[in-house]
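Trainee: Could we go through this one together? I'd like to check each label against the numbers behind it.

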Amino acid sequence: MNTGLVHAVVRAGVVLCVAFGATRLDPAHAETAPATEPSLPAALIARASAVVDADTPRLVEMFKDLHEHPEIGFTEVRTAGIVARELRAAGFTVTEGIGRTGVVGVLANGPGPTVWFRADMDSNSVAETTGLPWGAPKRQRLADGREIDVMHACGHDAHVTWLLGFAKAIAALKSEWSGTLVLYGQPAEEPGTGAQAMVDDGLWTRGLPKPDVAFGLHTAPGPVGYVSSSPGVRMAGTDQLDVTFFGVGGHGSTPQTTVDPVVMAAQAVIAYQTVVSRSIDPQAAAVVTVGAIEAGRDNNVIPDRATLKLNLRWFSPAVRAQMLDRIDSINRGIAIAAGAPADRPPVRTMKGRADPLVNDAALVARLNPTFEALLGRGKVVSDFPAVMGSEDFQEAFVPLKTPYVFLLVGVAPPAMFAKAVAAGQPAPYANHNPDFFVDLDAIPIGAKVHTLAALKLLAKAR
């Protein structure tokens, strides 16, 4: 997720494309922005900033520690422990183990609305190449004994740090706000299953205060000091699914005695490329990606099955249904043509999913003047196009129809970003790449954005 150094570059829709792909939606999706509200008083912004600045050395060390110890979805035991410890230290009442590793902290401070703030905690299965002194040094061993590469290649370590810096700052500023704050660490955002796991594990039936408003943000390889805060549809819906082809295994030297699922999988990868290019309206945004193929182990053995791991992106439910229907048709056709066993047709297994993320226009208008007062004129991008990247943040609030706002926060060194733009690149690196990193100068900014959002949403009558 990315923003821009030069406002003209951002408006041209260049920046966010590198990580998630940006798209201009049709006019039916356009939002009419409501009138903006005044920002928080300058003195309060300065006071909140000073509180975060004083805590920044601690936050930088916390961030480095989190980056050195990444954990993939639903294994965030160490990270969740840090979240729980720090929230308790800030005076929050903490509940652990929601959705396996989710952590929720509640701080009640008089009458007023209830606002929920999220940080996702999981990392990616990526081998880090940044060379940073605080890089992830080891692979992660899973419960089944496998070892995988693991890295915070999407900035969730920064999200956790920002949330915990915010927790300490907002507790120190209790005289400036009234209401209830809920800060929570969410597992497994990357597979798109963590938010739903928390809901399924009773997030809304445990007696926790129900939200009036929710807030989230994400790193982006745009320049430090810029944020994207725009109304309306921000991110695409997504599905994670597996397709398994079944064949007849055998010796690699006698393929005529087998039905090769590896060949079926290879044909499917190519055929899936026609789903968007030949079946979807060219003016409708859609993506079909095959992220992994799992089949066999030995050079001279034809396995009896092969699994493709797919990811879909879409804005329209009708487009989603069309993509799934075409994938099913392709799978059936390939299996029949290959002579696959009739009693073992291809199986499509649906996994994590999320609907498009849609920012509440009134909330955006309410918050942006304060963000601009913090960051400076022109550094809050309010008209960025929607992106093909996805989130499951909003899925936690679908059952309650809670309005929310979700921001992108620049984490790339400005000089590096400017050099990339001058070279015709949209950004110097991308989320999920092994060279992704968070500039340490971004650490206090995310904590300040959180803190000022809370102060604005929970402001006392003046």
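Mentor: Let's start with helix 3, and keep in mind that this is a predicted model. Helix 3 has 13 residues, which at 1.5 Å a residue should span 18 Å.

Trainee: How do you know that the end C-alpha atoms of helix 3 agree with that span?

Mentor: They are 18 Å apart, and the expected span is 18 Å, so the two agree.

Trainee: Which residues of helix 3 are buried?

Mentor: Thr79, Ala80, Ile82, Val83, Ala84, Glu86 and Leu87. They pack against helix 2, strand 2, strand 3, helix 4 and strand 7. After helix 3 comes Gly91, with a positive phi near 100°.

Trainee: What makes Phe74 stand out in its phi?

Mentor: The value is positive, near 70°, and the residue is not a glycine. Phe74 sits in the loop between helix 2 and helix 3.

Trainee: Why does Phe74 count as buried?

Mentor: Buried means under 20% relative accessible area. Phe74 has 17%, so it counts as buried.

Trainee: What about Ala188: buried or exposed?

Mentor: Buried, because its relative accessibility is 0% and the cut-off is under 20%. Ala188 lies in the loop between strand 7 and helix 5, and its phi is also positive, about 50°, though Ala188 is not a glycine.

Trainee: On to helix 7. How do you know that its length agrees with the expected span?

Mentor: Run the check on its 22 residues, 317–338: at 1.5 Å a residue they should span 32 Å, and the end C-alpha atoms are 32 Å apart, so that agrees.

Trainee: Which residues of helix 7 are buried, and why say that they line one face?

Mentor: The buried ones are Val319, Arg320, Met323, Leu324, Ile327, Ile330, Asn331, Ile334 and Ala335. Seen down the axis of helix 7, they fall within an arc of 135°, so they line one face of the helix. The general background is that an α-helix has 3.6 residues a turn, so residues three or four places apart point the same way.

Trainee: What does the face of helix 7 turned away from the buried side carry?

Mentor: The exposed residues Ala318, Ile336 and Ala337. On the buried side, the cover includes strand 11, helix 6, strand 13, strand 15 and strand 16.

Trainee: And what is found at the two ends of helix 7?

Mentor: At the start, a side-chain oxygen of Ser316 reaches to within 3.2 Å of the backbone nitrogen of Ala318. Just after the helix, Gly339 has a positive phi of about 75°.

Trainee: Why is strand 20 called largely enclosed?

Mentor: Nine of its nine residues, 404–412, are buried, so the rest of the structure largely encloses strand 20. Both faces are covered: Tyr404, Phe406, Leu408, Gly410 and Ala412 are buried on one side, and Val405, Leu407, Val409 and Val411 on the other.

Trainee: What makes strand 8 and strand 9 partners of strand 20?

Mentor: Pairing takes at least two bridges. Strand 8 has eight to strand 20, running parallel, and strand 9 has two, running antiparallel. Pro223, for instance, has Ala412 as its bridge partner in strand 20, while Val227 stands opposite Val409.

Trainee: Which sheet do these strands belong to, and what makes strand 2 and strand 18 its edges?

Mentor: An open sheet of eight strands with mixed pairing, in the order 2-3-7-4-8-20-9-18. Strand 2 and strand 18 each pair on one side only, and that makes them the edge strands. Strand 2 pairs with strand 3 in the antiparallel sense over five bridges, and Ile98 stands opposite Gly102.

Trainee: Last one: why is Ser230 called buried?

Mentor: Its relative accessible area is 1%, and the cut-off is under 20%. Ser230 is in the loop between strand 9 and strand 10.

Trainee: What does Ser230 touch beyond residues up to four places away in sequence?

Mentor: Asn359, Val364, Val381, Ser382, Asp383 and Phe384. The backbone oxygen of Ser382 lies 3.3 Å from a polar atom of the Ser230 side chain, against a polar-contact limit of 3.5 Å.

Terms used:
Residues are numbered from 1 along each chain as its sequence is written. This is a predicted model: local features need pLDDT of at least 70, side-chain atom pairs count only at pLDDT 80 or more; totals for chains, interfaces and linings use all residues. Side-chain values use heavy atoms; hydrogens and water are left out. Helices (H or I, at least four residues) and strands (E, at least two) are DSSP runs, numbered from the N terminus. Buried means under 20% relative accessible area, exposed over 50%, partly exposed in between (1.4 Å probe, protein chains only). The expected span of a helix is 1.5 Å times one less than its number of residues. Contact means heavy atoms within 4.5 Å. The arc is that of the directions from the helix axis to the C-beta atoms. A polar contact is a pair of N or O atoms within 3.5 Å; within protein, one must be able to donate a hydrogen and the other to accept it, and residues adjacent in sequence count only if both atoms are side-chain atoms.
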